[in-house]
Amino acid sequence: MARYILTRILSSLFVLFVLSVLVFSMVRIIPGDPLAAFADPANPDPAALDALRTKLGLDRPWITQYFVWLFGVLRGDFGAAITVPGSVSSLLAARLPISLMLAVMATVFGVIMGIPAGILAATRWRRPSDNIVRGTSFVLLATPPFVLGTVLILVNSLTLKLPLVGFSGAANDPLRAIGVLILPALLIGLVLAAIIARYTRGTLLDTLGQDFVRTARAKGASPGRLVGRHALRNALIPVTTVVGIELAALVGGTVVIEAVFAIPGVGSLLLTGIRSSDYPIIQATVLLIGAVYVLINFIVDLIYPLIDPRVRVHAR
C-alpha cells in the first residue's frame, strides 16, 4: 500500500510540473498584451511601457521568467497581478474558500439526489420510475445553466425568498455565506445529480447482471440486501471517479453560475485575467485548478481500496 501511495504522489507531482510548463507557455502564445491597459490610446508612450515591462520582468527570456515564477510558486508566492491591485496569492486566498464551499455544497446536493435516483432507476428498470429518472436527467443536462439559474431565481422570489446575490460582507459570516450559496449550489447540484444518476444506473445495472449477484439471489438474499450489500459497493467505483472529477471541475468551472449570482469565486477571477491578459492571474488560477484536480484524483485513488478490497490486492 505504501508503494501504491508513493507511486501516486510521484505521478501527481510530474503532472503538476507538466501542467506548469504548459500553462506558462500557452499564456504567452495567446494574443494580447497585459500592458495594453496602461497605454494611453491618445498619447502612447513606448518608453514608459518598456520601463514597466522591464520592471515586471516581461522582457526576460521565457525560460528565465518560467523558473523565476516556478521558484516563487514553490514558496507560495504567485507574484503580483498586473491589471488588478494586490498580489495573486491574496486574490486566490480571498476567492478559493468561496469556490470550495460552492463546489462542496453542490457535490453534496448532487450525491444526495443522484445516487438514490440512480438506484431507483436501476432497480425499476424499464418501469415508469426508470423512465422518469432518465427523462429528468436528459432535461437537466440539456438545459443551459443560465436558464436553470433564471428559473430558480424566479421560483425563489415567489416562494422561499432566500438571499441570492451580494456576497460582500458574507465572507466573514459563514452562515450568511452558506445562505447566499444555497441556490447556486442547488442549481449545480441538480445538473451533477443528473450525471451521477446516469452513471449509478448504468454501473448498477451491469453489476446486477454479474454471476456473484445471481448467486446471492439464488441463495435467497432479499432485494434490499442484494443491492446494498453486494451490488452497490462494486458499482460505486466508477461513480466515485465521476464525483471526484466533477468536484474538481466545479472549483474553477462555474463561471456562468458565478456571473448569474454575482459570486466572487476562482472562475470569475480567471475570466478577469483572461480578459486583461494578466499572466500571473491566469497562470496561478489554472495551476491551482489543476492542483485541485490532481489532489482529488489522488484522494479518489486512496478511496478505491476502501470501497473494493480487490484494488488493494492489485496495488500490492
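Reader: What area does the protein expose, and which atoms supply 69% of it?

Author: In this predicted model, the protein exposes about 17,000 Å², and carbon and sulfur atoms supply 69% of that area.

Reader: How many helices and strands are there in the protein?

Author: There are 13 helices and 0 strands, so every element in the run from the N terminus on is an α.

Reader: Why is aspartate 130 called buried?

Author: Good one to start with! Buried means under 20% relative accessible area. Aspartate 130 has 0%, so the word buried applies.

Reader: What makes arginine 134 partly exposed?

Author: Partly exposed lies between buried, under 20%, and exposed, over 50%. Arginine 134 comes to 34%, so partly exposed is the right term.

Reader: And arginine 201, buried or exposed?

Author: Its value is 16%, so arginine 201 counts as buried.

Reader: How do you know that the side chains of aspartate 130 and arginine 134 meet in a salt bridge?

Author: The rule asks for a side-chain nitrogen of Lys or Arg within 4 Å of a carboxyl oxygen of Asp or Glu. Here the N to O distance is 3.7 Å, so the pair qualifies. Both residues lie in helix α5, 4 residues apart, about one turn of the helix.

Reader: What makes arginine 201 and aspartate 130 a salt bridge?

Author: Their N to O distance is 2.7 Å, so they pass that 4 Å cut-off. This pair links distant parts of the chain: arginine 201 is in helix α7 and aspartate 130 in helix α5, 71 residues apart.

Reader: Which residues do the salt bridges that share partners join into one network?

Author: Asp130, Arg134 and Arg201.

How values were computed. Residues are numbered from 1 along each chain as its sequence is written. This is a predicted model: local features need pLDDT of at least 70, side-chain atom pairs count only at pLDDT 80 or more; totals for chains, interfaces and linings use all residues. Side-chain values use heavy atoms; hydrogens and water are left out. Helices (H or I, at least four residues) and strands (E, at least two) are DSSP runs, numbered from the N terminus. Accessible areas come from the Shrake-Rupley method with a 1.4 Å probe; for residues, only the protein chains shown count as cover. Buried means under 20% relative accessible area, exposed over 50%, partly exposed in between (1.4 Å probe, protein chains only).
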